[in-house]
Amino acid sequence: MEHVAAVPAWALLAYLVSGVLFILALRGLSSPETSRAGNRNGMIGMGIAVVTTLATHDIASLPEIAAAIILGGGIGFITARRIAMTAMPQLVAAFHSLVGLAAVLVAAAAFLNPQAFGIADASGAIFGASRVEMVLGIAIGAITFSGSVIAFAKLNGNMSGTPILLPARHIINLALLLAIAFFTFGFWHSQSAMDFWIVVGLSFLIGFLLIIPIGGADMPVVVSMLNSYSGWAAAAMGFTLQNTAMIITGALVGSSGAILSYIMCKAMNRSFISVIAGGFGAEAGPAGAAAAIDRPWKRGSAEDAAFLMQNAEKVIIVPGYGMAVAQAQHVLREMGDKLKHQGVDVRYAIHPVAGRMPGHMNVLLAEANVPYDEVFELEDINTDFGQADVAFVIGANDVTNPAAKTDKTSPIYGMPVLDVEKAKTVLFIKRSMGGVGYAGVDNELFYRDNTMMLLADAKKMVEEIVKNLD
Amino acid sequence: MDFISILSIFVLACFVGYYVVWSVTPALHTPLMAVTNAISSVIIVGALIAALAAGSGVAKWLGLVAVALASVNIFGGFAVTQRMLAMYKKKEKKG
């Protein structure tokens, strides 16, 4: 394939450099100290890729391109500045959808004007390998786009987080996949425009159908998966354009999303297939909720909670999605500070699937100025609950349920959970006793002798506790 | 470049990605997603090629729209990552 319009050697090297800078951008994230330099590497890499492309092509339309970059860049920059940290999952989903759509547009442009991309001979026939690559790129891009739009709507509350289950959905999806494969083959065979556009249409449809049956708390997996897809779409386009920067980046992003999906699935003890099949937590509800009414439990007040924590030596705080919903992270940090001033050892324990995307809780705590060396992951802190005087659970539920360790019939059996019940006292903030967690199961923790339920809005309750700490 | 060379780069990059991403601390998984988002917009290279070309009008417009979308992601993705990373602070040392 010597067909690609002669790209000068320096340009090939420049694309390679930008690929390496992207690797360094991810490498920097191994610790917060090196992460900022890593992010700068990423920006430099992107700058090099853009400048190299501009320098190696005849520029027929500079004003339009400058306008497009300024318009898009301005919107992106302002959004990034203004967005609330609690809205980060939906922002990321929105960004994924844009990558997907951009991939679709680029592949469509390559199909309409293959000579500009150097992937066709003089008669306009596109090379066989390029046909497959571009149709794969556009299909993955379209799935990323429509899937991310649904994920965005669910995360942003435009659409209910409860799974929407179509009858025979697995059969429909399978049929759609087969149809995509069939028309991909058709396009490879004959370069038929109709086959090309049918693949695009079907891919948009399947992206939509894949995400609607998936419930709100499975979103960390979905967001990671779409992250991975956006990478594979970029890689496929990199193959079409024979561009190393795009191929390296696509491979990095693709593996990154895949690894995050794997970590999230493992943290829920569920297979990737079962998450993608969807519907989790849709049916289980009533039985668990009914059982909740009769058993005795203890209710505590803000004064009780403040008293217990002031007299504790060690307090471990367990935040969950409810903390994000209530925007309680700032007042929580204030509570932590007051306790620390009174000599209490305060730490935070984070379950990998707490929140709506990987690392969601860590960002919120960082936003509230909680030092990151007070925040621990499940495996690093779980053994310490035995020595803790108080475990303070705010907005988390299923990830603290001891049934995951003992009850083989529970839908969450086998999921790694935080051993909060081993603390001398568990303080559990919850809106009311009626509701159950996402998994639709009752939490045995509520009825333990050492558990005190604090029934209120998370933010209001913590504010009350803070007042009582003076 | 022939297909095999490109495939080799791709496969090796997948392995690099695998090891690099496992070394990312879980506390930074959200910034990881934001920055991967930004870098996957390197697809702007393809968008620029389409937008720069003289020929087909439709392809050019598709390219221009793709340039704008990818720019949202590039500027937005890097800016939001930077904003997040700036928040991660260590405990202040008290004398």
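This report describes the domains, chain contacts, one helix and the salt bridges of a predicted model.

## Domains of chain A

Chain A is divided into three parts: domain 1 covers residues 1–82, domain 2 covers 88–277 and domain 3 covers 302–468. Between domain 1 of chain A and domain 2 of chain A, the C-alpha centres are separated by 22 Å.

## Where domain 1 meets domain 2

In chain A, 12 residues of domain 1 are in contact with 12 residues of domain 2. The size of an interface is often given as the accessible area lost when the parts come together. For domain 1 and domain 2 of chain A, the buried area is about 1,200 Å², with 73% of it on carbon and sulfur atoms. Helix α1 (residues 9–27) of chain A supplies 8 residues, the largest share of the side of domain 1 that touches domain 2. By type, that side of domain 1 of chain A consists of 8 nonpolar residues, 4 polar residues and no charged residues.

The rule finds 0 salt bridges across this interface of domain 1 and domain 2 of chain A. The count of residue pairs in polar contact between domain 1 and domain 2 of chain A, with both residues at pLDDT 80 or more, is also 0.

## Where chain A meets chain B

The interface of chain A and chain B involves 101 residues of chain A in contact with 78 residues of chain B. Together, chain A and chain B bury about 8,200 Å², and 78% of this area is on carbon and sulfur atoms. The search across this interface of chain A and chain B gives 0 salt bridges, but it gives 16 residue pairs in polar contact, both residues being at pLDDT 80 or more.

Several elements of chain A give two or more residues to the side that touches chain B, among them α1, α2 (32–55), α3 (62–82), α4 (88–112) and α9 (219–241). The residues on this side of chain A divide into 63 nonpolar, 26 polar and 12 charged.

## Helix α6 of chain A

Helix α6 of chain A runs over residues 128–156 and contains 29 residues. At 1.5 Å a residue, the helix should span 42 Å, and its end C-alpha atoms are 42 Å apart, so the expected and modelled spans agree. Just after α6(A) comes Gly157(A), which takes a positive phi of about 85°.

## Salt bridges

Over all chains, a search of the whole structure finds 14 salt bridges. One salt bridge joins Asp337(A) and Lys340(A), whose closest N and O atoms are 3.8 Å apart. Both Asp337(A) and Lys340(A) belong to helix α15 (residues 329–341) of chain A, where they are 3 residues apart, about one turn of the helix.

Conventions:
Residues numbered from 1 in each chain as written. Chains lettered and ligands numbered in written order. Predicted model: local features only at pLDDT ≥ 70, side-chain atom pairs only at ≥ 80, totals over all residues. Heavy atoms only, no water. Domains from an automatic or database assignment. Contact = heavy atoms within 4.5 Å. Buried area = accessible area lost by both parts, 1.4 Å probe. Salt bridge = Lys/Arg side-chain N within 4 Å of Asp/Glu carboxyl O. Polar contact = N/O pair within 3.5 Å; in protein donor to acceptor, adjacent residues only side chain to side chain. Helix = DSSP H or I, 4+ residues; strand = E, 2+ residues; numbered from the N terminus. Nonpolar A, V, L, I, M, F, W, Y, C, P; charged D, E, K, R; others polar. Expected span 1.5 Å × (residues − 1).
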